[in-house]
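Here are my notes for you, written as numbered points. Keep the structure open beside you and look up each residue as you read.

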Number of protein chains: 4
Amino acid sequence: MGEERRVGAGDEPLSRTANPTKRADARRNEKALLDAAASVFVTDGVDAPVRRIAAEAGVGMGTIYRHFPTRADLVVAVYRHQVDACAEAGPALLATAASPFVAMTRWVNLFADFLVTKHGLAAAMRDDHDGFTALHALFLDRLVPVLADILAAARDAGEVKADLTAYQLLRAIGDVCAGAERVDPAYDARLTVQLLLDGCRQR
Amino acid sequence: MGEERRVGAGDEPLSRTANPTKRADARRNEKALLDAAASVFVTDGVDAPVRRIAAEAGVGMGTIYRHFPTRADLVVAVYRHQVDACAEAGPALLATAASPFVAMTRWVNLFADFLVTKHGLAAAMRDDHDGFTALHALFLDRLVPVLADILAAARDAGEVKADLTAYQLLRAIGDVCAGAERVDPAYDARLTVQLLLDGCRQR
Amino acid sequence: MGEERRVGAGDEPLSRTANPTKRADARRNEKALLDAAASVFVTDGVDAPVRRIAAEAGVGMGTIYRHFPTRADLVVAVYRHQVDACAEAGPALLATAASPFVAMTRWVNLFADFLVTKHGLAAAMRDDHDGFTALHALFLDRLVPVLADILAAARDAGEVKADLTAYQLLRAIGDVCAGAERVDPAYDARLTVQLLLDGCRQR
Amino acid sequence: MGEERRVGAGDEPLSRTANPTKRADARRNEKALLDAAASVFVTDGVDAPVRRIAAEAGVGMGTIYRHFPTRADLVVAVYRHQVDACAEAGPALLATAASPFVAMTRWVNLFADFLVTKHGLAAAMRDDHDGFTALHALFLDRLVPVLADILAAARDAGEVKADLTAYQLLRAIGDVCAGAERVDPAYDARLTVQLLLDGCRQR
DNA sequence: TATGAATGAGGATTCATTCAT
DNA sequence: AATGAATGAATCCTCATTCAT
């Protein structure tokens with residue numbers, strides 16, 4: 001979707017040399033845009049007016065369209081870092097936790113924290129009808145494999161039900177957190193997540 | 001603008017003679033409107049354009065505004081019957097089931113069935129930002145007490161965790177089903193509901 | 001404009017005999033309508049929604065259209081009595097006042113009082129673009145001759161400028177009062193009327 | 001969104017070079033909008049449909065909202081020049097006229113000419129219920145002080161009644177002219193203005 | 001005759017998207 | 001490349017007027 005190349009770290013200097021000055025501006029703008037969008041998504045939702053995001057970033061609207069031709073492109077870019085961080089935490093948790101189920105509990109709570117604290121994320125994935133594929137794909141590509149590994153370990157240890165798939169669980173957590181964005185002191189999404197985790201156990 | 005009376009056939013023959021015909025059209029239209037809105041809500045969401053609902057019902061737009069001055073009025077009217085039916089099923093289940101937890105399982109599945117099959121309902125409650133209060137109130141008024149009774153019985157029987165509230169559970173189920181509306185063969189909302197129910201058990 | 005006949009007083013009993021009962025209902029409605037319209041015109045202006053007038057009168061909207069096919073018909077009917085009363089006061093004032101100019105002053109103030117106290121009247125005449133002719137004609141037919149008589153007497157007595165016409169003065173007073181309907185403690189329409197009267201004097 | 005600067009031709013050549021073209025379109029549009037609105041206000045009143053003004057100006061509707069977010073903004077902008085010109089004429093008249101009353105007569109006639117020839121202005125001030133404050137304030141801010149000075153001079157010279165305020169007179173003239181917009185060969189608003197001026201004299 | 005339900009044109013406003021500068 | 005002005009489709013809502021009952 002028109003994102004910059006997923007290059008290895010080493011070739012950066014060359015590409016910068018090839019186009020040294022212009023790229024700096026463009027990068028600054030892209031960064032400003034991502035920050036602005038992240039901020040606006042939280043307060044106004046992923047369907048916030050383009051103009052507001054542009055204003056927040058201090059750039060013209062055309063600049064948004066240049067960097068992110070579709071809204072989905074912007075949405076995905078905004079959340080990619082957070083998704084990456086979440087994905088990368090999985091193996092470490094699995095390696096250090098007392099048991100696979102403990103690792104799973106921790107990772108799921110980490111994921112839920114992402115969704116709830118950086119809220120907008122879960123709702124974005126759920127509501128982003130047009131860019132659904134892109135955002136959904138991001139989640140699936142990055143997170144399902146991570147959770148699948150943890151789940152496989154837990155299943156091998158006999159800690160969770162055998163028929164539980166990573167996608168099923170990931171999706172369940174996502175929906176729960178997506179629905180929890182309206183502030184409501186009487187409702188605690190994290191408690192629901194605990195219930196779900198308890199429900200996953202093999203007895 | 002309320003519901004028409006669900007009267008037995010035999011009563012009020014005189015008043016019908018006095019004012020026999022006029023209301024028939026209005027009733028037909030209100031019914032058509034409710035059906036049309038229910039249908040459009042499923043495909044286009046509760047924020048669907050008024051014009052589309054009117055067209056679907058085969059009436060003018062003004063007719064919608066006459067019968068349902070605000071969108072919330074229409075949304076609530078559309079879902080009231082279904083909510084009522086669900087509420088009324090609660091006591092019967094509690095009376096006949098083998099145990100309170102069995103009754104709870106059945107009622108929660110009934111509720112989830114409503115949400116999933118008559119979909120739009122759960123999303124409506126979640127998305128209806130403006131009419132949120134009205135729709136939310138409908139759910140709370142009708143369903144929370146029903147589930148609270150069941151839950152109290154289950155708790156008294158030691159079948160469920162002590163700190164679980166009816167609102168918490170109702171909301172969890174609602175969010176899960178609301179997120180499950182996009183068709184996805186790899187995801188089964190009912191399985192998530194089962195996980196939740198399992199997680200509610202006292203062990 | 002569909003008004004009832006401009007008949008002499010004597011034939012009323014006959015017409016009532018010809019259509020005794022139905023007419024009673026119709027008259028009641030017409031009276032209610034006139035009262036309601038007068039009241040609504042004051043608060044909401046002559047362009048008030050038909051529905052509001054009907055509601056105020058406690059009749060259906062169709063009834064308004066039956067009695068007063070156009071808005072102008074209703075507006076004229078509402079103000080006819082007041083205009084008549086004003087017209088009828090003219091000769092008496094002229095006969096009893098100390099001088100024609102005194103009579104003119106009194107009558108003009110009477111007219112201004114009508115316009116200001118029963119406000120809506122002046123604005124109605126001014127704003128009623130469509131029914132302009134009808135309402136204007138009402139004023140011209142009834143009031144211009146009355147003021148013309150007074151003015152002629154004053155002119156004959158050498159009290160007012162020779163080139164002043166009844167229509168010119170009537171219109172001036174009307175516009176002044178029409179513009180004065182917005183409440184404004186810093187502005188006194190009656191003072192303006194006095195200035196105008198002073199300005200009419202022959203010196 | 002303010003007025004463009006009425007700059008002398010020679011200044012800011014550098015900045016124009018730096019950003020030479022872009023603003024030209026916007027200015028052209030703003031000018032076209034003001035001209036179109038002035039024209040449409042005359043024929044259709046200040047409540048004319050936005051679409052009609054846009055069409056008259058040859059721009060999209062959104063362009064009106066960009067330049068003049070509220071109708072009041074547009075109305076005020078349309079009439080500001082004329083009001084300014086009128087205000088600026090006051091001191092000169094007072095300085096050159098044979099007497100303060102002569103100056104007052106001339107200024108009032110100038111004001112009335114504005115109102116009548118550029119008609120719509122008076123009716124705008126009168127009818128613009130929402131933007132009433134803005135337009136009213138424009139008149140009060142600019143014109144009341146000007147007339148107040150003239151009036152004070154005339155009062156000091158013993159030429160006008162002592163209790164006459166600038167606002168009272170301005171408003172009277174305004175209402176007279178506002179009411180005179182319908183073409184009517186039998187009515188001469190300027191004659192009414194003369195009557196008013198005559199009525200202001202101290203005798 | 002009276003009612004008031006239904007219609008639908010009319011007008012305001014927002015905002016995604018394009019494109020001249 | 002960046003800007004932000006312009007466009008106009010989409011949607012909401014009101015209310016005059018008609019007409020079935």
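1. Let's start where two chains meet, keeping in mind that this is a predicted model. Between chain A and chain B, about 2,700 Å² of area is buried, and carbon and sulfur atoms give 54% of it. On the chain A side 29 residues are in contact, and they touch 29 residues of chain B.

2. How many salt bridges cross the interface of chain A and chain B? The rule finds 4. To see a salt bridge up close, find D184(A) and R171(B): their closest N and O atoms are 3.1 Å apart. There are also 11 residue pairs in polar contact between chain A and chain B.

3. Which helices supply the side of chain A that touches chain B? At least two residues come from each of α7 (121-127), α8 (132-156), α9 (166-178) and α10 (189-200) of chain A. The most is given by α10(A), with 7 residues. Sorted by type, the residues on this side of chain A are 13 nonpolar, 6 polar and 10 charged.

4. Now try turning one copy onto the other. A turn of 178° with a shift of 0.0 Å along the axis lays chain A on chain B with an RMSD of 0.5 Å. This is the relation of a two-fold axis. If you want a landmark, G199(A) is the residue of chain A that comes closest to the rotation axis, its C-alpha being 2.1 Å away. The copies meet through the same surface, because 100% of the interface residues of chain A are also interface residues in chain B.

5. Next, look at salt bridges more widely; over all chains the structure holds 33. One of them joins K31(A) and D35(A), with 2.8 Å between the closest N and O atoms. Both residues lie in helix α2 (residues 20-44) of chain A, 4 residues apart, which is about one turn of the helix. K31(A) is partly exposed at 48% relative accessible area, and D35(A) is partly exposed at 43%.

6. Chain D has a salt bridge between K31(D) and D35(D), with an N to O distance of 2.8 Å. These two residues are 4 apart in helix α2 of chain D, so about one helical turn separates them. K31(D) is partly exposed, with a relative accessible area of 47%, and D35(D) is partly exposed too, at 42%.

7. For a salt bridge between two helices, go to E88(A) and R142(A), where the N to O distance is 3.9 Å. E88(A) sits in helix α5 (residues 71-96) of chain A and R142(A) in helix α8 of chain A, so the pair ties together parts that are 54 residues apart in sequence. E88(A) is exposed, at 55% relative accessible area, whereas R142(A) is partly exposed, at 29%.

8. Is Y187(D) buried or exposed? Its relative accessibility is 8%, so Y187(D) counts as buried. You will find Y187(D) in the loop between α9 (166-179) and α10 (189-200) of chain D. Among the residues that Y187(D) touches are Y167(C), R171(C) and D175(C), along with V176(D) and A180(D). The side chain of Y187(D) also makes a polar contact with the side chain of T192(D), at 2.9 Å.

9. Finish with a charged residue, E30(D), placed in helix α2 (residues 22-44) of chain D. E30(D) is buried, with a relative accessible area of 10%. Its side chain makes a polar contact with the side chain of H67(D), at 3.2 Å.

Conventions
Residues numbered from 1 in each chain as written. Chains lettered and ligands numbered in written order. Predicted model: local features only at pLDDT ≥ 70, side-chain atom pairs only at ≥ 80, totals over all residues. Heavy atoms only, no water. Contact = heavy atoms within 4.5 Å. Buried area = accessible area lost by both parts, 1.4 Å probe. Salt bridge = Lys/Arg side-chain N within 4 Å of Asp/Glu carboxyl O. Polar contact = N/O pair within 3.5 Å; in protein donor to acceptor, adjacent residues only side chain to side chain. Buried < 20%, exposed > 50% of the residue type's maximum accessible area, 1.4 Å probe, protein only. Least-squares fit on C-alpha atoms with pLDDT ≥ 70 in both. Lists of a residue's contacts leave out its neighbours within four places in sequence.
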